[in-house]
Amino acid sequence: MTRKQFDLIVFDWDGTLMDSTATIVKCIQAAAKDLGLPIPDNKAASHVIGLGLQDAMEAALPGLDPRHYPRIVERYRYHYLSKDKGLALFEGVREMLTELSQQGYFLAVATGKSRVGLNRALDAANLLSVFDATRCADETFSKPHPAMLQELTRELGQDIQRTVMIGDTTHDLQMAINAGAAGIAVQYGAHPAHELETLNPIYAANSVPELHAWLNENA
């Protein structure tokens, strides 16, 4: 098989592989309500998806006394853990990952989730063995800092210029730019298409099957 552009394909998790955007938004809002704080609207809550949890809460609820944020994180986790068993992969994700792995690509995840949260999600989705490496926001710098992609390429011995980051947020695409990697947007997740387009992804997919088909032809 002749490689076209990439050896390493890195995926975001929430809103890219896992259909979790609406649940995350509701959990952020519920955490704020629990503490009697201003409840962010859907746009504000969805915009912070992809960031590390503390960073996300600070961005969704700016200007609060810093001592509030650990409590918001705690309440968010409480609500999310009560709902995450009902979450599912987007249709076509399992088939796409299996085929890409069989074609010899290195596959990785770069996520704003915690290590415990990602491992829990991977285990529930039966995908623990599919990825060659993963990075979480509580292990290194949060997106859009380039560290996750830099560390993944070093760990797997890959060239950043032959690496592509696939995500549903501007945080994902900005991380790719900052690292010197290519970026692909998916338009079915947390951030609207017009915001993703401002960062000039090499491709924008409206669905997982569309993404899968493009990767087969072009990656």
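**Ring pairs, a covered strand and a buried lysine**

By the ring-pairing rule applied here, the count comes to three aromatic pairs. One of them brings Phe90 and Tyr188 together: the ring centres are 4.7 Å apart and the planes sit at 65°, so this pair is edge-to-face. Phe90 belongs to the loop between α4 (68–83) and α5 (93–102), while Tyr188 belongs to the loop between β5 and α9 (193–197), so the pair ties together parts that are 98 residues apart in sequence. Phe90 is tucked away as well, since its relative accessible area of 15% makes it buried. As with everything described here, this comes from a predicted model.

Tyr203 and Trp214 make another pair, and here the geometry is stacked, because the planes are at 10° with the ring centres 5.0 Å apart. Tyr203 is part of strand β6 (residues 203–205) and Trp214 is part of helix α10 (residues 208–218), so this pair links parts 11 residues apart in sequence. Both partners are out of the way of solvent by the accessibility count: Tyr203 is buried at 18% relative accessibility, and Trp214 is buried with a relative accessible area of 14%. A ring also features in a contact with a charge, where the charged end of Arg75 sits over the ring of Tyr78, 4.5 Å from the ring centre.

Turning to the strands, β4 (residues 163–167) is mostly covered, with five of its five residues buried. In a regular strand, side chains alternate between the two faces of the sheet. For β4, both faces turn out to be covered: Thr163, Met165 and Gly167 are buried on one side, and Val164 and Ile166 are buried on the other. On the pairing front, β4 lines up with strand β1 (residues 8–11) in the parallel sense, over four bridges, and Ile9 is the residue that stands opposite Val164. Strand β5 (residues 182–186) also pairs with β4 in the parallel sense over four bridges, and there the bridge partner of Val164 is Ala182. The route from β4 to β5 takes in helix α8 (residues 170–179), and the three make a right-handed β-α-β unit.

One of the β4 residues, Thr163, is touched by Thr153, a residue of helix α7 (residues 147–156). Thr153 has a relative accessible area of 6%, so it counts as buried. Its side chain reaches the backbone oxygen of Gln150 at 2.9 Å. Leaving aside neighbours within four places in sequence, the contacts of Thr153 are Leu8, Gln158, Ile160 and Thr163.

Then there is Lys143, in the loop between β3 (133–136) and α7. Despite the charge on a lysine, Lys143 counts as buried, because its relative accessibility is 2% and the cut-off is under 20%. What does the side chain of Lys143 find for polar partners? A polar contact of 2.9 Å joins it to the side chain of Asp12, and the backbone oxygen of Ala110 lies 2.9 Å from a polar atom of the Lys143 side chain. Not counting residues up to four places away in sequence, Lys143 touches a list of residues that includes Asp12, Gly50, Leu51, Ala110, Thr111 and Gly112. Met165 of β4 is also among the residues in touch with Lys143, as are His171, Asp172 and Met175. Ala176 is 33 residues from Lys143 in sequence, with the two C-alpha atoms 9.4 Å apart in space.

Key
Residues are numbered from 1 along each chain as its sequence is written. This is a predicted model: local features need pLDDT of at least 70, side-chain atom pairs count only at pLDDT 80 or more; totals for chains, interfaces and linings use all residues. Side-chain values use heavy atoms; hydrogens and water are left out. Buried means under 20% relative accessible area, exposed over 50%, partly exposed in between (1.4 Å probe, protein chains only). Helices (H or I, at least four residues) and strands (E, at least two) are DSSP runs, numbered from the N terminus. Two strands pair if DSSP finds at least two bridges between them. A crossover is right-handed if, with the strands pointing away from the viewer, the path from the first strand over the helix to the second runs clockwise. A polar contact is a pair of N or O atoms within 3.5 Å; within protein, one must be able to donate a hydrogen and the other to accept it, and residues adjacent in sequence count only if both atoms are side-chain atoms. Contact means heavy atoms within 4.5 Å. Rings of Phe, Tyr and Trp (its six-membered ring) pair if their centres lie within 6.5 Å; planes under 30 degrees apart count as stacked, over 60 as edge-to-face and the rest as tilted. A charge sits over a ring if NZ of Lys or CZ of Arg is within 6 Å of the ring centre and within 35 degrees of the ring normal.
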